Amino acid sequence: MLARGFMEFRQETYHRSKPYGIWDVDWSDGKNYVKGSVATPYGFVLAYSERLAHSHTHLRFIYRGNEYFRKWNKNYSQTYIVTLANRFAASVVEGS
């Protein structure tokens, strides 16, 4: 018997979603950015991309207690940021 307010966990009640992570996207109203965390097989990569006069994309990944950072002086779409994040995490983990 479970305590009041708790639900029993059943594996079949949860569905796997696409591996895109959690995003806050705002390409309108002058904000022009996308940020979020990308779920990779190695962990989460934090991502931020902005399209202004000086567009840039940043990725941050923490692995074994160290933070790895990568920057491009260009903005990318959310879909391509997911690709970059997966490549970045793989290069950190497999290269160490």
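Helices and strands here are DSSP runs, a helix having at least four residues and a strand at least two, numbered from the N terminus. With that in hand, open the model, which is a predicted one, and colour it by secondary structure.

**Whole chain.** Following the sequence, the order of elements reads β-β-β-β-β-α, that is, five strands and one helix. The chain has 96 residues, and 31% of them are buried. Switch on the surface: about 7,300 Å² is exposed, with 52% of that area supplied by carbon and sulfur atoms. Of the contacts between residues at least 6 apart in sequence, 32% link residues at least 24 apart.

**Strands E2 and E3.** Select residues 33-40, which are strand E2, and then residues 43-50, which are strand E3. The two strands make a hairpin, with two residues between them. Their pairing is antiparallel and runs over eight bridges. For one point along this pairing, show Ala39, which lies opposite Phe44 of E3. Now bring back the rest of the chain around E2. Six of its eight residues are buried, so the strand is largely enclosed by the rest of the structure.

**Tyr33.** Stay in E2 and pick Tyr33. Its relative accessibility is 16%, and because buried means under 20%, Tyr33 counts as buried. Draw a distance from its C-alpha to that of Tyr76: the separation is 9.8 Å, for two residues that are 43 residues apart along the chain.

**His56.** Move to strand E4, residues 56-63, and select His56. Is this residue buried or exposed? It is buried, at a relative accessible area of 15%. Show everything in contact with His56, leaving out residues up to four places away in sequence. One group of neighbours is Tyr48, Ser49 and Glu50, and another runs through Lys71, Trp72, Asn73, Lys74 and Asn75. Of these, Tyr48, Ser49 and Glu50 fall within the 43-50 range of E3. The side chain of His56 also reaches the backbone oxygen of His54, at 3.2 Å.

**Arg64.** Last, go to the loop between E4 and strand E5 (66-72), where Arg64 sits. Which sign does phi have at Arg64? It is positive, about 55 degrees, although Arg64 is not a glycine. Most residues other than glycine have a negative phi. Turn the surface on again at this position: with 69% relative accessibility, Arg64 counts as exposed, whereas His56 in E4 is buried.

Notes. Residues are numbered from 1 along each chain as its sequence is written. This is a predicted model: local features need pLDDT of at least 70, side-chain atom pairs count only at pLDDT 80 or more; totals for chains, interfaces and linings use all residues. Side-chain values use heavy atoms; hydrogens and water are left out. Buried means under 20% relative accessible area, exposed over 50%, partly exposed in between (1.4 Å probe, protein chains only). A polar contact is a pair of N or O atoms within 3.5 Å; within protein, one must be able to donate a hydrogen and the other to accept it, and residues adjacent in sequence count only if both atoms are side-chain atoms. Contact means heavy atoms within 4.5 Å. Accessible areas come from the Shrake-Rupley method with a 1.4 Å probe; for residues, only the protein chains shown count as cover. Two strands pair if DSSP finds at least two bridges between them.
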